[in-house]
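I am opening a notebook on a structure that is new to me, and I mean to write down each thing as I look it up. The entries follow the order in which I went through the model.

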Protein chains: 2
Amino acid sequence: MLMKKEVITPEVTIYDIASHLGLASSTVSRALQNNPIINKNTRKKIAAAAEELGYRRNNYAVNLRTQRTRTIGIIVHELKSHFITSVLAGIGQVAAQSGYDIIIGYSAESVVKEAANARNFFHKRVDGVIASLAMDTADLSHFQPFQDKNIPLVFFDRAEDQPNSTMVVIDNTRCGYEATHHLAQRGCRRIALVTGNRKRNVYEQRYQGYLQALSDNDIPFREELVMINDLDEKGGMQAAETILNMKDRPDGIFITNDFAAAVCMRQLQDAGIRIPEDIAVVGFNDDNICKLVNPQLTTIHYPGKEMGEIAARNLIDHLDGVTSISNASRIIVRSQLVIRESSLH
Amino acid sequence: MLMKKEVITPEVTIYDIASHLGLASSTVSRALQNNPIINKNTRKKIAAAAEELGYRRNNYAVNLRTQRTRTIGIIVHELKSHFITSVLAGIGQVAAQSGYDIIIGYSAESVVKEAANARNFFHKRVDGVIASLAMDTADLSHFQPFQDKNIPLVFFDRAEDQPNSTMVVIDNTRCGYEATHHLAQRGCRRIALVTGNRKRNVYEQRYQGYLQALSDNDIPFREELVMINDLDEKGGMQAAETILNMKDRPDGIFITNDFAAAVCMRQLQDAGIRIPEDIAVVGFNDDNICKLVNPQLTTIHYPGKEMGEIAARNLIDHLDGVTSISNASRIIVRSQLVIRESSLH
DNA sequence: GTGAAAGCGCTAACAA
DNA sequence: TTGTTAGCGCTTTCAC
């Protein structure tokens with residue numbers, strides 16, 4: 001005996017609609033896709049019958065037949081920042097508009113999980129992938145299967161040049177420069193940099209911007225003022241601790257992540273340091289938290305929603321055949337320094 | 001001519017494996033499912049061939065054939081809180097362990113979006129649903145299609161009694177009581193309550209707990225000290241404003257959401273009010289933000305991860321036929337008051 | 001322990 | 001404008 005789950009409402013197929021109306025299943029199929037080749041009246045009748053009978057289309061059958069899933073996979077290195085949720089909102093909106101589903105994978109800054117997500121998406125047969133790389137991703141070979149099957153890849157924020165893929169990024173060098181330059185202009189002469197691993201190019205670029213700004217402001221570079229960590233809660237703590245233990249403390253800090261900056265700031269304040277009077281602080285991302293901490297945090301803002309929209313639009317245009325195949329490109333989005341209390345002394 | 005996307009690596013099916021090995025496709029299918037009826041050696045050979053040929057199983061075909069998707073849909077009213085991400089982590093872990101996929105829908109506190117997500121999940125043919133209701137959800141009819149098809153439903157946190165569904169919740173009355181009682185014990189005599197719409201039962205219950213604690217501590221209830229809003233940024237602001245405009249300000253506030261509490265606190269501080277000296281504050285949820293604000297926020301903690309695990313385990317056991325069909329039940333999870341600086345004066 | 005064959009629900013080429 | 005039909009890749013009954 002075939003074990004079947006007790007079904008209360010029976011499943012309605014296009015065949016049921018067809019026989020109900022005395023039509024062929026293909027006519028129903030076409031009508032349900034709003035194919036103009038079918039008589040408008042027939043289309044209406046079919047739509048009504050579908051509604052009436054409680055038809056729900058079986059996407060598994062559709063996907064099996066069409067060999068497409070209308071699904072795009074998104075891999076993000078974190079989930080809780082305002083930036084990432086904005087990007088996801090942007091992608092989601094464009095995708096929904098174009099009739100694509102999205103599935104979200106979370107790497108938690110680990111290549112291993114990133115690769116697992118990529119594998120998962122590959123097996124789910126996504127039509128395209130949008131990704132921001134994890135902190136420690138150096139080898140991109142887990143994206144190879146997509147390349148091999150001509151599945152388009154778009155990177156945003158944390159991106160690396162890849163053959164046949166697009167990237168949507170900000171000018172991190174300029175951001176690093178502006179943040180540092182701002183601190184210098186406010187009178188800081190010992191500017192610390194707390195940032196991520198320089199193997200991740202965004203951090204390398206912010207570092208280069210930092211160096212350039214120091215140089216342009218005639219501030220000598222001091223190795224001991226550069227701290228590299230994961231920019232998480234622990235990273236913020238560590239940075240604060242290191243700074244507290246310095247004989248010559250910095251008078252300005254550029255931390256390339258708002259959350260880490262908030263943690264660090266809090267820690268410094270608990271040790272009696274006044275911000276911005278003793279040490280000015282600049283973060284990165286313009287997360288919601290910036291306006292909640294005391295003093296409010298100066299930071300670099302960049303438009304997450306817009307980046308998401310651009311990434312999705314690019315990918316989907318490609319999938320729908322609107323743009324040509326090999327338009328591997330780099331799209332640079334504007335960013336800006338948002339000055340708040342934490343750097344105004 | 002059939003339009004086919006240019007395929008670089010051809011797709012491998014069980015037929016390719018079968019003919020490669022001189023076997024029947026059914027044998028391959030069984031072997032790939034690790035069916036013990038197939039000779040162990042044959043199974044090994046088939047696994048090797050699958051690997052070698054780069055086989056990836058087509059879940060769309062599987063789902064079409066088996067009429068199950070091994071997918072569970074999750075609807076959450078928000079995404080960015082620590083509580084929700086913990087729940088999702090808990091569900092995700094149990095689901096992965098049991099070979100289920102999850103898809104996440106976000107209602108942003110709106111019934112309309114909640115219903116849209118439900119519809120979407122229904123059309124995606126999820127095997128089960130886990131949900132926390134939006135702020136303004138009163139009518140649950142958008143879950144009816146699941147009931148009609150015997151698709152199991154589990155609610156967590158924001159739940160309503162429904163026939164044939166399970167709920168995983170905390171004792172909100174007790175939480176409301178404890179928070180209020182704590183403030184009273186610290187000497188507060190005018191305790192404000194900022195909470196969500198009482199049509200959502202969790203808020204009604206916290207309100208009842210508040211009332212009970214007032215009564216037990218011989219504090220008269222004052223209507224003007226109860227503020228109802230959406231507990232978002234705007235809600236926090238509004239509450240602060242209302243309080244600042246009072247002639248007789250409260251000396252304690254219980255805001256049933258940490259983020260709103262943080263916003264409110266900040267606003268009050270900006271107006272020169274000292275916390276906890278002038279006004280003590282208790283939040284709700286034990287979000288990360290509690291430790292970042294100054295002073296650190298007293299709150300109600302409850303175990304998100306565990307609630308997620310319980311919800312998922314329950315649902316999946318049901319789907320896999322481990323538990324009987326109609327065990328509609330209510331599971332109550334422990335919660336506790338976490339005392340920090342914001343209420344210690 | 002393995003094979004043959006039907007069919008899940010749909011789309012699209014081809015025919016009418 | 002509509003109908004006929006093959007087949008997407010898999011599982012599972014039934015037969016051997």
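**Entry 1: a loop residue in chain B**

I began with Asn217(B), which I found in the loop between α9 (201–216) and β7 (226–228) of chain B. I keep in mind throughout that this is a predicted model. Is Asn217(B) buried or exposed? Its relative accessibility is 12%, and because buried means under 20%, Asn217(B) counts as buried. I then looked up what surrounds it and, leaving aside neighbours within four places in sequence, found Asn217(B) in contact with His181(B), Ala184(B), Gln185(B) and Arg189(B). With Gln185(B) there is also a polar contact, made side chain to side chain at 3.2 Å.

**Entry 2: the two ends of a helix**

Next I looked at α1(B), whose N-terminal end is capped by Thr13(B), with a side-chain oxygen 3.1 Å from the backbone nitrogen of Tyr15(B). Following α1(B) comes Gly22(B), and I noted that the phi of this glycine is positive, near 70 degrees.

**Entry 3: DNA strand D**

I turned to DNA strand D and listed the residues around it, 27 in number, of which Ser26(A), Thr27(A), Ser29(B), Tyr55(B) and Arg65(B) come nearest. Of the atoms of DNA strand D that come within 4 Å of the protein, sugar and phosphate account for 56%.

I then went through individual approaches to phosphate oxygens of this strand. An N or O atom in the side chain of Thr27(A) is 2.6 Å from one, and an N or O atom in the side chain of Ser29(B) is 2.5 Å from one. For Asn39(A) the atom concerned is a backbone N or O, which lies 2.9 Å from a phosphate oxygen of DNA strand D.

Which elements give two or more residues to the surface near DNA strand D? I found α2 (25–32) and α4 (59–66) of chain A, together with α1 (14–21), α2 (25–32) and α4 (59–66) of chain B. The most comes from α4(B), which gives four residues. Sorted by class, the residues of this surface are ten nonpolar, twelve polar and five charged.

**Entry 4: DNA strand C**

I repeated the search for DNA strand C, which is surrounded by 28 residues, the closest being Ser29(A), Tyr55(A), Arg65(A), Thr27(B) and Arg65(B). Here sugar and phosphate make up 60% of the strand atoms that come within 4 Å of the protein.

A polar side-chain atom of Ser29(A) lies 2.5 Å from a phosphate oxygen of DNA strand C. From chain B, I noted Thr42(B), with a polar side-chain atom 2.9 Å from a phosphate oxygen, and Gln67(B), where an N or O atom of the side chain is 3.4 Å from one.

The elements that each supply at least two residues to this surface are α1 (14–21), α2 and α4 of chain A, along with α2 and α4 of chain B. Which element gives the most to the surface near DNA strand C? I found that α4(A) does, with four residues. By class I recorded eleven nonpolar, twelve polar and five charged residues.

**Entry 5: aromatic rings**

Over all chains, the structure holds 17 aromatic pairs. I looked closely at Phe83(A) and Phe156(A), whose ring centres are 6.4 Å apart and whose planes stand at 55 degrees, so the pair counts as tilted. Because Phe83(A) lies in helix α5 (residues 82–97) of chain A and Phe156(A) in strand β4 (residues 153–156) of chain A, the pair ties together parts that are 73 residues apart in sequence. Both residues are buried, and they form one aromatic cluster with Phe254(A), Phe284(A) and Tyr302(A).

I also looked for charges over rings, and found Arg70(A) over the face of Tyr100(A), 4.4 Å from the ring centre. In chain B, the charged end of Arg70(B) sits over the ring of Tyr100(B), at 4.4 Å from its centre.

**Entry 6: Phe83 in chain B**

My last look-up was Phe83(B), which has its place in helix α5 (residues 82–97) of chain B. With a relative accessible area of 3%, Phe83(B) is buried. Not counting residues up to four places away in sequence, Phe83(B) touches Phe156(B), Asp157(B), Asn285(B), Asp287(B), Tyr302(B), Gly304(B) and Met307(B). I also checked Ala138(B), 55 residues from Phe83(B) along the chain, and found their C-alpha atoms separated by 23 Å.

Note on methods. Residues numbered from 1 in each chain as written. Chains lettered and ligands numbered in written order. Predicted model: local features only at pLDDT ≥ 70, side-chain atom pairs only at ≥ 80, totals over all residues. Heavy atoms only, no water. Near = heavy atom within 4 Å. Polar contact = N/O pair within 3.5 Å; in protein donor to acceptor, adjacent residues only side chain to side chain. Nonpolar A, V, L, I, M, F, W, Y, C, P; charged D, E, K, R; others polar. Buried < 20%, exposed > 50% of the residue type's maximum accessible area, 1.4 Å probe, protein only. Contact = heavy atoms within 4.5 Å. Phe/Tyr/Trp six-rings, centres within 6.5 Å; stacked < 30°, edge-to-face > 60°. Lys NZ or Arg CZ within 6 Å of the ring centre and 35° of its normal.
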